[in-house]
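Grab your viewer and a coffee: here are some exercises, each with a solution worked through step by step. Try each task before you read on.

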Amino acid sequence: MAYVDECEAVHPGHAYSMAASLIGDDSADEVADAIRALVLPRSRKLHWYDEHKTARRTLLAATVAELTGVEHILVVLATALDGTRPERRRRHCLTRLLPELNDRGVVQVVAEARESKQNARDVELLLALRNQKLIQGPFRLDHVPGPSTPLLAVADIAVGAVMAAYAGDASYRKILDEKIIELVI
C-alpha cells in the first residue's frame, strides 16, 4: 500500500512535490505505532511543517529511516510551472506518481482527504490514466482524513526532508537516502 502526501513549498526550480511511502500491510501497525509515538501532546497529527527544531526534524527523519516496514518512498518534484494553480500542479505530480506506483505492484493508494470536489478530481484523473492504459489491473485511490492514519506522516516527513534539501539543508534528506527515490518532472 502507498500513503501519499504533498508539499506546495516553492523552492528554486520546484513548485510542488508529492511523496508516496510504500508500506507493507504486515508492517503497517508497527510503522503507525512508531509515528504515533512521535506526535506531540495536544497535536492531532504529525506534520513536518509544524516541526521547526532541527533536533526534532532529525528525529523524525531518523525514525523513518530505521523503519524496516517502509520499503521505499517515491518523491515527485514538479518543476515550476509559471502561472499554474496548485490543483494543476497536483495533477501533474499524480500523473507521474500513480503509474509509477502501479508499475511497482501497488494496488491501493491512500491520500489525505481534501475538499470532496478536489478528491473527485483525483479519482477522475485516475480514471483518465486507466483509459490511457497508464494504470492497469486492480488499483484504488482512497482519501482519508489526515488525523485518521499516522501512516500519511511518513510521506509528509520524506517530502519535507527533500524540500529542505532544495532549500539548502540536506541533512534530513541524507538520513533518508537509502529509502528515497526522486522523480523530477
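A disulfide here is a pair of cysteine sulfur atoms within 2.5 Å. Before using that, some ground rules: this is a predicted model, where local features need pLDDT of at least 70 and side-chain atom pairs count only at pLDDT 80 or more, while totals for chains, interfaces and linings use all residues. Residues are numbered from 1 along each chain as its sequence is written, and side-chain values use heavy atoms, with hydrogens and water left out.

**Exercise 1. Cysteines**

Task: find out how many disulfides the whole structure has, and work out why Cys7 has no bond to Cys93.

Solution:
- Start with the search: over the whole structure, it turns up zero disulfides.
- Next, check the distance. Cys93 holds the cysteine sulfur closest to that of Cys7, but the gap is 10 Å, so a bond is ruled out because that is too far.
- Finally, look at exposure, where buried means under 20% relative accessible area, exposed means over 50%, and partly exposed is in between (1.4 Å probe, protein chains only). Cys7 counts as buried because its relative accessibility is 17%. Cys93 is buried too, with a relative accessible area of 0%.

**Exercise 2. Strands and their partners**

Task: trace how E4 is joined to E5, and say which faces the side chains of E5 point to.

Solution:
- Fix the names: helices (H or I, at least four residues) and strands (E, at least two) are DSSP runs, numbered from the N terminus. Two strands pair if DSSP finds at least two bridges between them.
- Count bridges: E4 and E5 run parallel and are joined by five. In this pairing Ala111 sits opposite His143 in E5.
- Follow the chain: from E4 it passes through helix H4 (residues 116-131) to E5, a right-handed β-α-β crossover. Right-handed means that, with the strands pointing away from the viewer, the path from the first strand over the helix to the second runs clockwise.
- Now the faces. In a regular strand the side chains alternate between the two faces of the sheet. In E5 (residues 140-144), Leu141 and His143 point to one face and are buried, whereas Arg140, Asp142 and Val144 point to the other and are not.
- Add E1: this strand pairs with E4 in the parallel sense over three bridges, and Val4 stands opposite Ala111 in E4. Five of the six residues of E1 are buried, so the strand is largely enclosed by the rest of the structure.
- For another parallel pair, take E3 and strand E6 (residues 180-184), with five bridges. Val76 faces Leu183 in E6, and E3 (residues 70-79) is mostly covered, with seven of its 10 residues buried.

**Exercise 3. Pockets**

Task: describe the volume and lining of the largest pocket, then do likewise for the second largest.

Solution:
- Set the rules: on a 1 Å grid over the protein atoms alone, where a 1.4 Å probe fits, a pocket is an open set of points with protein on both sides within 12 Å along at least five of seven lines; lining residues have an atom within 4 Å of a point. Points are joined across faces, edges and corners, and a volume is the space filled by probe spheres set on the points.
- The largest pocket comes out at about 430 Å³. Its lining has 23 residues, and those closest to the centre are Glu6, Cys7, Glu8, His47 and Asp156.
- By element, strand E1 (2-7), strand E4 (108-112) and helix H5 (152-166) each give two or more lining residues; H5 has the largest share, with five.
- By class, the lining holds 11 nonpolar, three polar and nine charged residues. Ala, Val, Leu, Ile, Met, Phe, Trp, Tyr, Cys and Pro count as nonpolar, Asp, Glu, Lys and Arg as charged, and the others, Gly among them, as polar.
- The second largest pocket holds about 170 Å³. Of its 16 lining residues, Lys45, Leu46, Gly146, Thr149 and Pro150 are closest to the centre.
- H5 gives the most here as well, with three residues.

**Exercise 4. Odd phi angles**

Task: say where Arg42 and Lys133 lie, and what their phi values are.

Solution:
- Recall the background: most residues other than glycine have a negative phi.
- Arg42 goes positive, with phi near 70°. Arg42 belongs to the loop between H1 and helix H2 (54-66) and is exposed, at 85% relative accessible area.
- Lys133 has a positive phi of about 65°. Lys133 lies in the loop between H4 and E5 and counts as exposed at 58%.
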